[in-house]
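Work through the exercises below with the sequence and the model at hand. Each task is followed by a solution in steps.

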Amino acid sequence: MPNKDEPNTIDLMNSINLMEFSDEILLHILSYIPSTDLILNVRRTCRKLATLCLDKSLTHTVLLHRDYQASEDKVKQLVREIGKEIHQLNMAGCYWLSGTTIEHVTRCRNLVKVNLSGCHLTSIRLSKMLSALQHLRSLAIDVNPGFDASQLSSECKATLSRVLELKQTLYTPSYGVVPCCTSLEKLLLYFEILDRTREGAILSGQLMVGQSNVPHYQNLRVFYARLAPGYINQEVVRLYLAVLSDRTPENLHAFLISVPGSFAESGATKNLLDSMARNVSLDALQLPKSWLNGSSLLQNMKFNNPFYFSFSRCTLSGGHLIQRVINGGKDLKSLASLNLSGCIHCLSPDSLFRKAEDDIDSSILETLVMSCCNLKHLNLSAAHHHSSEDLGKHLCQLLAQLQHLRSLSLPVCSIADSSPKADKAPTQMVTNAVPRGFGKKVRIGVQTYPRTVSSESVTQKSSSVFWTLLENVPFLETLELIGSNFSSAMPRNEPAIRNSLPPCSRAQSVGDAEVAAIGQLAFLRNLTLAQLPSILTGSGLISIGLQCQQLQTLSLANLGMMGKVVYMSALSDMLKHCKQLKDLRLEQPYFSANAQFFQALSHCSSLQRLCIISRSGTLQADAVMSFMGSCLGLVMCHMFTGESLTACKNLQQSIVRSFQAERPALNVVIFPLLHEGLTDVIRDVPMMHLDEITLFKSRVAEEPPNLWW
């Protein structure tokens, strides 16, 4: 019996008054509340909170990005009440707000930094807003078709002349506001121009002569350009680069160009690179693969305490990587982020006679790890990195030394234990038995696992190299395991009919036990698992759901046999524990989005975005509607399956009609995956959803840390 003189725990908890905490603690708690809720609701609860909610630490910076409940009226009222106190305002991706609401930003007279990417802005409205924001130094906007720089007033141009940082997303061939920004120190350009108009007319990347008055960027320190697929994007970026080639800024320290596919060098770009090699010392670099392949550029480039390198998809060999970048083992403790995605030869001494599937040279990776010992973000995906059975340490053993890692992307085959030679025959049997298409073939020689991971299997898991790796990087927040041959069925600007390559044979030994090992990452927030053919039951997913309580983003693609969803039961069990999950992306042929699935998903009370891509997949319309009604925070529902166009349209219309009024940011796209009109549907998806969840890609070390906001 408890002692009557001891205070009851429940009574003690009830006696704690939140208002008795110090102001510092209360301010920290309040900082997690969305600004609209803080100012319009919390502030009205009591006198103390009324004062604290107006503290400068809470009103100086206002984030409306991903505040999906920020309606037109709430935003207008927020700006009316604390507009003069706001110095930094992030409205990126507020696609649901009208232009007239965005215009209320003019009340924030003291704004120094504003992000309006993804917002509805005309040239005239932008001019009116910027004319009132004389203290502005940092600006992010979209440049849409119809933009006309001649409509910008002299007051607007005066504000732009003082802007030091500009992020500009181009949806049409244009210089945007760049010609007016004569003091730029940081320029970020995102090219999202489609080659054809909605009517099918071919666009030209040639800009009018009158628009070409681009300044010479004398003060530019950071230049970043990211191109979506399409020839026209390359045409337009060349016009920007031509100006840089005339006179390379002396203070340039970050030069980054991200281009999918090939991007041929021109005379102007060669001059630019030669000038950079002579005159600047960089600390961040990313170049198109064709500019680096077979080039001596890296040997001549000077680096000063670099923090970001991306050599994505380059044919750079390990020998060149060590000698030209790391300078034979030079101390690179400053390097925080390294992207070697798609660099199939980067861990081999020579790329001339090597096959992509050959074993890596562990000494190269060892040198890399020792030299870059403070890496926080590392991407080795989209390549075959097979550890030797006889020579050197395993890749996972070496990466385990990088104890500062926060995000990591690996090919599935790289985490397989090196098998002894005696096991090669059974492994070959497994490989031959794995279905390469959508058939339901029986697998031979593949070890099976129970639906739940028992304590008896802990010894087996803890002895694996992958378990050891995760044990040594306990603070990992983002993990991607992506099959080296994986390609998503979800297209960007092309039809969704593409041939997928079979998974790597080494991936056959990676299954449920390895997935279960991920459960030891207590701080994991983002997880991607793609093309793991040896998933038999998905039992490892349950461990992740139980133990990774901070998980916010989950992306699963092509797990197990392609002809059957083998992990449905385990996924349902997992989802019941994912209370913090905000984004879920599922890509799996023959996936049935039925009542059982949505009932399990309804336990994810924090879910905001759902994307399902399933060739030959099915939907249960009444289950979708019921789920939408119970999951009140869901604002994005994208489903691309094998259902008919009529069924998809009817369901989409029903969802919009039932829930649009109470969810201002609701974005619903339900469409047949293989329909010829998919490209036109994709172009209407808000960019933040398209880029962050709908399109599959590796996101580790995709950009330098803290590139913008």
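The exercises concern a predicted model and treat a pocket and a helix pair.

**Exercise 1.** Describe the second largest pocket by its volume, its lining and the domains that contribute to the lining.

*Solution.*
Step 1. The space in the second largest pocket comes to about 1,300 Å³.
Step 2. Its lining comprises 41 residues, and those closest to the centre are Pro 260, Arg 313, Phe 696, Lys 697 and Ser 698.
Step 3. Sorted by class, the lining holds 17 polar, 14 nonpolar and 10 charged residues.
Step 4. Strand E7 (residues 222-227) contributes the most to this lining, with 3 residues.
Step 5. Domain 1 (161-300) and domain 2 (466-694) each supply at least three residues to the lining.

**Exercise 2.** Determine how helix H8 and helix H9 pack, and which residues meet in their contact.

*Solution.*
Step 1. Helix H8 covers residues 123-132 and helix H9 covers residues 154-161; their axes lie 7 Å apart, at an angle of about 65°.
Step 2. The crossing of H8 past H9 is left-handed.
Step 3. From H8, the residues in contact are Leu 126, Ser 127, Leu 130 and Ser 131. They meet Glu 155, Cys 156, Thr 159 and Leu 160 of H9.
Step 4. By class, the residues of this contact are 4 nonpolar, 3 polar and 1 charged.

Notes: Residues numbered from 1 in each chain as written. Predicted model: local features only at pLDDT ≥ 70, side-chain atom pairs only at ≥ 80, totals over all residues. Heavy atoms only, no water. 1 Å grid on protein atoms, 1.4 Å probe; cavity = no way out; pocket = protein on both sides within 12 Å on 5 of 7 lines; lining within 4 Å. Points joined across faces, edges and corners; volume = space filled by probe spheres on them. Helix = DSSP H or I, 4+ residues; strand = E, 2+ residues; numbered from the N terminus. Nonpolar A, V, L, I, M, F, W, Y, C, P; charged D, E, K, R; others polar. Domains from an automatic or database assignment. Axes fitted to C-alpha atoms, helices over the stretch in contact; angles between N-to-C directions. Left-handed = near helix turned anticlockwise from the far one by under 90°. Contact = heavy atoms within 4.5 Å.
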